[in-house]
Every structure is written in structure tokens, then in C-alpha cells.
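Please open the model in a viewer and keep the selection tool at hand. The stops below say what to select next and what is found there.

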Amino acid sequence: MQPVDFTTLMALCQSLEADWVPARCETVVQIDPTTLALALRTLDRRGWLTISWHPQAARLHLGDAPPKGQDTFTFSQQLKHQIGQLALVAIAPVAPWERAIDLQFGPRPGDPPQWHLYVEIMGKYSNVILANAQNQIVTAAHQVSDQQSRVRPIQTGDPYVLPPAIMNTLPSLKESQSSWQERVTLVPTTLKKMLMQSYGGLSSSLVRSLLAAARLTPDQTADSLTQTDWDRLFEVWQRWLTSLEKGDFYPGWAEGGYTVLDWEGVAPVADVHRLLNQYYGREIALQQFDRLKNQIQQRLRGVLDKLRQKASTFEQRLDQSAVADQYRQQADLLMTYSHQWQPGLTQLTVADFDSGAPVTLAIDPDKTAIQQAQRLYKQHQKLRRAKDAVAPLLAEVQGELAYLEQVEAALTQLPTYDEPADLEALIDIRNELIQQGYMTSPDYRPTDGQRPALKGQRRANDEGFRRLQTPDGLPVLVGRNNRQNDLLISTVATDYDLWFHTQEIPGSHVLLRLGAGQVPSDRDLAYVADLTAYFSRARQADQVPVIYTQPRHVYKPKGARPGMVIYKQETVIWGQPRRVEQQAKPLEPVEA
């Protein structure tokens, strides 16, 4: 993930100073453990200033409004109490070339600041610190004790101390090319290392950008450069410093990330705040998606392995109980032919009741035929009782397996993060597993006994279905998880629609939307059947049985787990998931 470097921070500060100073701070909301949102209002606009001290994504920019919900963080409550309704009167760097910004708040523009909100964008050492007019720390996102850092402790009541000074030489427009070139080549190594070791205030992404603009590569050595190469690199170096001095920034997308310099942008963006909001919003969502998916996969794998082992044990016990009737039949034969028994016999051959074929029965020489029969009767009763006890246990385990395999199938339909709906669908799966007792979460807060309130939970009116179209233009909805599958039947479907699902195979519920009197063509039915097979556990098969019926024939039994339904009056059609994969644009969504 590309960090916010000094150049980007200066572009942000310039934009904020021009458009948002002065502005009134209406409220402060903490979105998560490392992100704040300040509501700012000027005479003609209102916006949310995102401030984050995330170790990989520390940043400062205007962003989206925070989701509605209860803010239980102490840090934001302290900030709201101190700077709420005050004016943001100034924005300034705390020191030259430092990635730390001083947001100053006062009663009104022109008044001396009463509060300083220091935003330090320094990777894993990032922090947000509130100090009063005397520069005394009142609160901080991270309290740092003397034991944690002897260089710079940060504790309530201490005076605010600037971050440790940059030891390297700072870049300057006044430096001559000969002095710059001599400094850079002092310790010969690769170009990237030479620049970063010679000067402070540089980031890896900036150095790569400078070298790319000079048509050089980061791993080139000093002795491989001609004087023309050095001249070209110094020219780019000067362009960068001139942009910083004049405040000329050109935000845009660059290869592998973003830029605020004019020579690298592949796709320009009008606003640096929008650029960073989109970039970090996607990167953090992608990071959260991967982490959450791994957690769910590991948990599902562990639970499914245990359940399959338990089911195998119950099946073995049922197989053993299957011989119970044989024991009873042997006992009946021994009782019937007990008169043929003689002391010392180890086996007795008699005629079978049904077929008349000879049957040889083993006899314990220490027991009579009647005693042996009684022993077989007892074994029969024991195995019969075991069968009666194990059968419901096996049915329960098989039902649990079917449910979790349905969850697993939904998870396989989310291989990568492509859009916000993917993360929301994954959060729904996580929330469902917490509700069902398979996972735990520190964010769990029971509300009305129905659904738990969890951070990141979807709004009820924003389902997030996959929305597709048949060849004839009919809308198709595909559930991404069990919550959406249930909603398709309970809330969305009408009597005119058709409901699709793979036959006895875990997969998504699919709804073909139809109007009154509308009849789908065979081509549309085949397409939806292919989609249903594609969004199932049988995606790799050549042909998959798919059933469809009207929604009124689909029922959710009382007490059934999420996504589990029964149906009747179904029609079977064969779906071919490979046809979906072979299409040029197999899953092109349509607007809601």
C-alpha cells in the first residue's frame, strides 16, 4: 500500500487551506480504532475530514460521511468535547519536511488558537495528539510511556514535543547540480538507495517516480549513468522541488498507485481528496476482505472437518447396528432347533426359515443352545437401541453439514475483492456465523434479540444482490450469501417470478424477475440455469441439475438455519456452468 509521503501531504494541506480554512467543526466521529471523521462546515459547503493513524494507511483527506451508529470510542468523545463547534483557523506543518500537521482550532477566525490537533503521518509511528494553547497534551490516539520509548514519550499532561529531527540533508532548490551530484554519489550503490540515503523527506514511491520521469531505473548504479543522465535526473529533481515551492500539484492515478506530480499521472483526477479517498478506501477494503475471508475459511475448514469425522463415526455405528436383525434371526433358529444341541458342540447346522438353505451357527462350547440364543437376543437389543440413538444424531450432523457447506459455497463465490458489495457480502457471512455460534467477535452487540449489531453490517434496504440480465433483457438476482438468499424469497420475490437452485447441491438462490403474464423463453431459462450452476459448488462440472419453481412453492421451515428452504412442484432443467465461463463478458452487471 502506497504511504502518504511529504509531497502528497503538502498537496492535501494546500487544498484544505484554500477551501476549508476557516471552517466550523460541527462534530467528531470515530469510525474504527484508527480513523476519525471531523464534520467541517464553511459558508457554502459541508464535508467530512478523514484523519487516520492506521499503520499502513495513515492519511488526512476529505472523505465519505461516516456510517450511522453509536460511537463508543473515548478518544473521539474527548475531541468532540474540546474542539466541537470551534473553528478550524489554520493548518500548518509542525516543522520543515516533517509529515506532521498542526490543525489549529479557535473560537473564531483571527483569534489565537485554543487547541492544536497534531496529525502525524509517519507509518507505524503515526499518531493524532490534542494539545491545549500551552502545548500541553490533553489526549492522544496512542499513549506512549517512558518504557515504550525513551526518545519521545507521549502521555497526557506532558508538553508536546516535535518528532525526532530528520538527520539527513533536506532537499533545496538553491543547491547546485555539482553539490547535489557529489552528495548523491558519495556512497556508490543503486540509484534508489543513493537518493534515499542522501536526503530526507523522500519516499520510495517518490524516488521511483523521479527516476521513471528521468527514464532511469531504481536498481541502476552510479557508474552506469552518463552525464546526460545526471543532467536529466537533476532537472526532474528541480521540477519536483519547484512544484513543492509553488504548490503546483496534479493529482492522478499512476501505475500501481497514485501521484500528485504532473509527469506520472496516467488518469488525472480533479481533486486530491477524492483520489486518496478512493485509493485508501479500496486498499483498506481489500486488506479487510482478505483477512476476513481467511478467518472464515479457517474456521469453516476446522468445523467441517470435525463434523465430517463425527458423521463418519455415526455411520460406522449404524453399519454395525445393521447386523442386529441377523443376531435375532440366529437366536430364533437356535431356539427352534435347541433340541438338536449336544454338549461340546461348537456349531450347529440347521435349515433357514425362509429359504430352507442350510445355515451353520457358531456355539460357545461352554453354553447351551438356549444360553447362546439369549446372548444373541441381548446383542440384538443393544444394537437396536444404538441404532435408535445414533440415527437422529447422524441426521442432526448431516443437517449441520448441509448448512455449512451452503455457507462454504457462498464463500467460494467471493474469490477476490472487486467492489464494495463483495466485502459487505463477506461481512454478512461473518455476522451469520457469529449468530449461529460458529465464530466470535469483539464487535458483537446483541440488540433486540434478532440480529446482532455488528460494525460493518449492511443496511436492511441495501441488499447487495448480484444483478444480471438474460439474453432477452430480463433481470436476474443472485444471492451472495444466506442472508440475501433468504431475502430473495421473503422480501423480493413476487408470484410472477421464478426461483432457481441447484438440485441437492449447495449454491446461491437465483431469482428470474417476471412481470404479470410474462413467460420466459427457453433461451432465458437455459441462461438462468447456467448461472445457477455457475454460482454453486458444482461450477466445474459439465452439466448440473437445476430446479426452478414459483416462489410461493418455496418454504422456510420453522427453526431452519439461514438459507435453508424446502420446495415443491419443481421442474428440473440442466445447467452448463462452462457456458457462462466461455462468454466474453460472463457476469456483466446491470444497474439496480
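Throughout this tour, buried means under 20% relative accessible area, exposed means over 50%, and partly exposed lies in between, computed with a 1.4 Å probe on protein chains only. This is a predicted model, in which local features need pLDDT of at least 70 and side-chain atom pairs count only at pLDDT 80 or more, while totals for chains, interfaces and linings use all residues. Residues are numbered from 1 along each chain as its sequence is written, and side-chain values use heavy atoms, with hydrogens and water left out.

**Confidence**

Colour the chain by pLDDT, the predictor's confidence in each residue, from 0 to 100. The chain average is 87, and 94% of the residues score at least 70. Then select residues 446-462, where pLDDT stays under 50. For this segment the model has 37 contacts beyond four places in sequence, a contact being heavy atoms within 4.5 Å.

**Helix α3**

Select Ser 178, which is found in helix α3 (residues 177-184). Helices (H or I, at least four residues) and strands (E, at least two) are DSSP runs, numbered from the N terminus. Ser 178 is exposed, with a relative accessible area of 55%. Add Phe 234 to the selection: its C-alpha atom is separated by 9.8 Å from that of Ser 178, although the two residues are 56 apart along the chain.

**The nonpolar cores**

A nonpolar core is a set of buried Ala, Val, Leu, Ile, Met, Phe, Trp, Tyr and Cys residues joined through side-chain atoms within 4.5 Å. In soluble globular proteins, nonpolar side chains tend to be buried together. Here the largest core has 72 residues, and those with the most contacts inside it include Leu 38, Phe 105, Trp 237 and Trp 240. Helix α6 (residues 227-246) supplies the largest share of this core, 8 residues. Centre the view on Trp 240: beyond its neighbours within four places in sequence, its contacts include Thr 7, Trp 97, Pro 171, Leu 261 and Trp 263. A second, separate core of 31 residues includes Tyr 417, Ile 429, Leu 433 and Ile 434.

**Helix α2 and the residue after it**

Which residues of α2 are buried? Select Phe 75, Ser 76, Leu 79 and Ile 83, which are buried in this helix. They cover an arc of only 95° around the axis, which puts them on the same side of α2; the arc is that of the directions from the helix axis to the C-beta atoms. Thr 74 and His 81, on the other side of α2, are exposed. Among the elements covering the buried residues are β1, β2 (35-41), β6 and β7 (115-120). Just after α2, Gln 85 takes a positive phi of about 70°. This residue lies in the loop between α2 (74-83) and β5, and Gln 85 is partly exposed at 46% relative accessible area.

**Two loops**

Move to Pro 22, in the loop between α1 (6-19) and β1 (23-32). The peptide bond from Val 21 to Pro 22 is cis, with omega near 5°.

Next, select Glu 98, in the loop between β5 (87-93) and β6 (100-106). Glu 98 is buried yet has no salt bridge, a salt bridge being a side-chain nitrogen of Lys or Arg within 4 Å of a carboxyl oxygen of Asp or Glu. The nearest side chain of opposite charge, Arg 99, is 6.8 Å away; Lys and Arg count as positive and Asp and Glu as negative, whereas His and the chain ends are not counted. Leaving aside neighbours within four places in sequence, Glu 98 is in contact with Phe 6, Pro 163, Pro 164, Ala 165 and Ile 166.

**Salt bridges**

The whole structure contains 20 salt bridges. Show the side chains of Arg 41 and Glu 26, which meet in one of 2.6 Å, N to O. Arg 41 lies in strand β2 and Glu 26 in strand β1, so the pair ties together parts that are 15 residues apart in sequence. Arg 41 is partly exposed at 35%, whereas Glu 26 counts as buried at 18% relative accessibility. Extend the selection to Arg 24 and Arg 46, which are linked with Glu 26 and Arg 41 in a network of salt bridges.

The final stop is Lys 556, which forms a salt bridge with Asp 486, the closest N and O atoms being 3.4 Å apart. Lys 556 is in the loop between β20 (554-555) and β21 (566-567), and Asp 486 is in helix α11 (residues 482-492), 70 residues apart.
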